[in-house]
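User: I'm new to this structure and would like some help reading it. Could you take me through a few features, one at a time?

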Amino acid sequence: MNFNYSVIVLILLLFYVVSCSPTDYSQAVSAYEEAQKSQKLSSLTLALKKLAQLEPETYQQQLVNAENSQAKLISSQRALATHNYYAAYLASHDSYRSFPSLDSKKVLIESGSQLLILLKAQESIARSYQYRQLRLTSLFERFYQSAVIDWDLIQANNLVSKLNQSTTELHRAFEYIQDSGLQNEMPEVLLWEKAIARQLTELQQVRDYFPDLARHRSAKVLLSLAKSLADESLELLSLVRPSMAKDATQRSFIKAKDEYALYQQVMENISLAENSSRQDIHASWYTGWEKTVLNVLEADESFANYPVKVKQSINNIEQVIRDNNAKSPPSIKDEFYDKAQFTSQFPSINALLAKLKRDKALLI
């Protein structure tokens, strides 16, 4: 009985040795090496199946990875066929990163390139936060409580410029998402887009606070001067010839220019700071405002028409005052300064963006 058992064991061992001959193993290794050259996932999986049978301790886990990668690849190809780039990208990313192959790389690039614009949006959001380092509530309050003659124009210019650049970057992020059309296909992106839009509205209100305050106060001073000059010129024109009336009002015009000079400097600085995209170029509103100022403070040759001309200017100034109603400083939430508070609301987007960042070299 013992003899028979020993014989059986010996036969099994001999069979195993024969079945795992060096020739079979070297052929399997050669097949795997050829598959690695082609990077075809089906060929790699087939070769690994043979190797896992011959040497499971070395190749079994690689086979598991390859089979999982193949399942993800099939899923990504199905999603890509229906233009579901989000699902196709996630599955192909997992496929490629768990077991790289030419097949999964192809789907990853085709689907991921459609989503890469979201990475641009993220980068613009990050740049937008870089311009929000000033603690604005106390700064706004100080400007609000101070007379214009006490304003620090260098600080004001820096404030307006940075907030304008922050708004520009956030608006760029919003446009990236809109242009992508992905918000129509991915609920996660739609929520992200809506949150960016809300923050953009808040940011624009914060950005516009100081320019609105400056325009409001400057316009009120100019309005007072315009009414005074209009009354004086109208009275003189009713008494003497236009040339004499003009000469008689010269001192009043000079005094008005001197009184308004600082306010005009504030308006010039605000305009240049608001147009941060181009240096030494005024904002679009400034041309009309400058014309109004000249109509009020400059007495041209046809002085007889000055009261009529300044009346229209007064209407323009009053409209500026209404449009730029000076209110107390806006309330600013912590999220305005803290990017992490904003981004933490979108874990799915963050996970997607992390994958895109990892694959960026492949996608560009």
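Analyst: Here is a short walk through confidence, a helix pair, the pockets and one loop residue.

Analyst: This is a predicted model, where local features need pLDDT of at least 70, side-chain atom pairs count only at pLDDT 80 or more, and totals for chains, interfaces and linings use all residues. Residues are numbered from 1 along each chain as its sequence is written, and side-chain values use heavy atoms, with hydrogens and water left out.

User: Where is confidence lowest and where is it highest in the protein chain?

Analyst: The score to read is pLDDT, the predictor's confidence in each residue, from 0 to 100. Where pLDDT is low, don't read the predicted coordinates in detail. Here the chain's mean is 87, with 84% of its residues at 70 or more. The low end is helix α1 (residues 2-19), with a mean of 48, and the high end is helix α7 (residues 116-130), at 97. Helices are DSSP runs (H or I, at least four residues), numbered from the N terminus. Over residues 9-18 pLDDT falls below 50, and that stretch has 1 contact (heavy atoms within 4.5 Å) beyond near neighbours in sequence.

User: How do α11 and α12 run relative to each other?

Analyst: Compare their axes, lines fitted to C-alpha atoms over the stretch in contact, with angles from 0 to 180 degrees between N-to-C directions. The axes of α11 (residues 242-274) and α12 (residues 286-297) come within 11 Å and cross at roughly 175 degrees. The two helices are therefore roughly antiparallel (over 145 degrees). Among the residues in contact are Phe253 and Tyr260 of α11, and Trp289 and Val293 of α12.

User: What is the volume of the largest pocket, and which residues are closest to its centre?

Analyst: Rolling a water-sized probe over the atoms shows where empty space is left. On a 1 Å grid over the protein atoms alone, a pocket is an open set of points where a 1.4 Å probe fits, with protein on both sides within 12 Å along at least five of seven lines; lining residues have an atom within 4 Å of a point. The largest pocket has a volume of about 310 Å³. Its lining has 14 residues, with Arg198, Gln199, Glu202, Lys333 and Glu335 closest to the centre. Helix α10 (residues 187-237) gives the largest share, 6 residues.

User: How many residues line the second largest pocket?

Analyst: There are 13, and Gln205, Tyr209, Asp212, Asn325 and Lys327 lie nearest its centre. This pocket holds about 240 Å³ of space. Again α10 gives the most, with 5 residues.

User: Where is His83?

Analyst: His83 sits in the loop between α4 (56-81) and α5 (85-98). Its phi is near 65 degrees, a positive value in a residue other than glycine.

Methods:
Parallel < 35°, antiparallel > 145°, perpendicular 65-115°, else oblique. Points joined across faces, edges and corners; volume = space filled by probe spheres on them.
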